Amino acid sequence: MRILITGGAGCLGSNLIEHWLPKGHSIYVLDNFATGKREVVPEVDGLKVVEGSIADANALEQAFSSFKPEVVVHAAAAYKDPDDWVEDSCTNVIGSALVAKAVKQYGVKRLVNFQTALCYGRPNQMPIPADHPTAPFTSYGITKTAGEQFMLLSGVPTLSLRIANVTGPRLSIGPIPTFYKRLKEGKGCFCSDTARDFLDMSDFLAFMDLAIVEGAPTGVFNIASGEAHSIKEIFDLVSDYLELGRQDVPIVPPADDDVPVVSLDPSATEQAFGWRAEIGFKETIQRQLAWYDKYGVSDVFSHLKAPEQKA
Ligand SMILES: NC(=O)c1ccc[n+]([C@@H]2O[C@H](COP(=O)([O-])OP(=O)(O)OC[C@H]3O[C@@H](n4cnc5c(N)ncnc54)[C@H](O)[C@@H]3O)[C@@H](O)[C@H]2O)c1
């Protein structure tokens, strides 16, 4: 299959590439490297990487007309600076609108969009079903929610995934790498009094194999384990893993722009796709820590081997 991945140099995109290239798919990446890294997607057989923005109609035109993708996975997103509403809007709204127009114009068979659980805002139901109203209140959430609406308007079969916190190679943000790094360095930590839903990369990738199949269900689905675990539970697992024993750690209230608990209900997804998360919470965290043991808390290691430089 010919698959265009916007934002393919990012965490989810680059893991998809490492998973899909060996299966024989051809992949085209359009990424501006705002948060992704070129080094993790060296050009190997079957992979073309182009630097450019999805908010640039010419870059998209070039990608679609030259590569003629059958499937588009829309993973590009801006979120780096919560106060940069303009950049978030350019990428997440205008960029998404341009991608949505292009998939229709170029006859793409299937569009898969990645959405944040922040679209639900402060949910009034837990776990959150995929038909819960959206009420985002951050720049990232607001712009991603507008972008998702354009995706669903694209006129081609579209699947939009509201995704839990996926762990896996190159994860470099959030409590797991923070606790691992600080505890190894003998530094103090604190835990926010919040809980999140964690999904192992292998479960995410198994779902994505089903997501790109022609004729698979379309619409909006939650991709999650369905369980919320507290940040303190993560801290304890990291501390145990590093054989530091149980430690007292300050628990601080969630910040004003934070959501105390996010647990996504995956039951509709399980029914529609015959998929469910296989890796339990403890193993998910331990796999991540084992990855850091091997490769460090770095965001640049790639499992793709760059071709030798010619002299
Ligand atoms: N990782 C998760 O657990 C998670 C959870 C929920 C939703 N998501 C969504 O999944 C997608 C991928 O997330 P990620 O964790 O891999 O983040 P990431 O930051 O690693 O990847 C995003 C990629 O988009 C690229 N990008 C940003 N602006 C761009 C632009 N204008 N044009 C082209 N490329 C651009 C970045 O350089 C980066 O490579 C995002 O849409 C995010 O909202 C991720």
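**A helix across a parallel sheet**

Helix α3 lies across the strands β1, β4 and β5, and its direction makes an angle of about 170° with that of β4. The model in which this arrangement appears is a predicted one, and the protein chain has an average pLDDT of 94, with 96% of the residues scoring at least 70. Within the chain, confidence is highest in strand β4 (residues 71-74), at a mean of 99, and lowest in strand β8 (residues 191-192), at 94.

The strands that α3 lies across can be placed in a wider context. An open sheet of 7 strands runs in the order β3-β2-β1-β4-β5-β6-β11, and the pairing is parallel. Its edges are formed by β3 (47-51) and β11 (219-223), each of which pairs on one side only. On average, and with direction ignored, neighbouring strands of this sheet are turned by 20° against each other. One pairing may be followed in detail: β5 and strand β6 (residues 158-163) are joined in the parallel sense over 6 bridges, and Val 112 has Leu 159 of β6 as its bridge partner. Helix α2 (residues 57-67) also packs on the sheet, where it touches β1 (2-6), β2 and β3, and its direction makes about 175° with that of β2.

Returning to α3, we can ask how it meets another helix. The axes of α3 (residues 85-105) and α4 (residues 139-152) come within 8 Å of each other and cross at roughly 10°; since angles under 35 degrees count as roughly parallel, the two helices are therefore described as roughly parallel to each other. On the side of α3, the residues that make this contact include Trp 85, Asp 88, Asn 92 and Ala 100, while those of α4 include Tyr 140, Lys 144, Phe 150 and Met 151. Sorted by class, the contact of α3 with α4 comprises 8 nonpolar, 6 polar and 2 charged residues.

The last part of the picture is the ligand, which has 29 residues around it, with Gly 7, Gly 10, Gly 36, Ala 77 and Phe 114 coming nearest. Several elements contribute to this shell, for α1 (11-20), β2 (26-31), α3, β5 (110-116) and β7 (165-167) each supply at least two of its residues, and the largest share, 3 residues, comes from α1. Taken by class, the shell around the ligand divides into 15 nonpolar, 12 polar and 2 charged residues. Helix α3 thus appears in each part of this account: it lies across strands of the sheet, it makes a contact with α4, and it supplies residues to the shell around the ligand.

Key: Residues are numbered from 1 along each chain as its sequence is written. This is a predicted model: local features need pLDDT of at least 70, side-chain atom pairs count only at pLDDT 80 or more; totals for chains, interfaces and linings use all residues. Axes are lines fitted to C-alpha atoms, for helices over the stretch in contact, and angles run from 0 to 180 degrees between N-to-C directions. Helices (H or I, at least four residues) and strands (E, at least two) are DSSP runs, numbered from the N terminus. Angles under 35 degrees count as roughly parallel, over 145 as roughly antiparallel, 65 to 115 as roughly perpendicular and the rest as oblique. Two residues are in contact if their C-beta atoms, placed from the backbone, lie within 7 Å. Ala, Val, Leu, Ile, Met, Phe, Trp, Tyr, Cys and Pro count as nonpolar, Asp, Glu, Lys and Arg as charged, and the others, Gly among them, as polar. pLDDT is the predictor's confidence in each residue, from 0 to 100. A residue is near a molecule or strand if its C-beta atom, placed from the backbone, lies within 6 Å of it. Two strands pair if DSSP finds at least two bridges between them.
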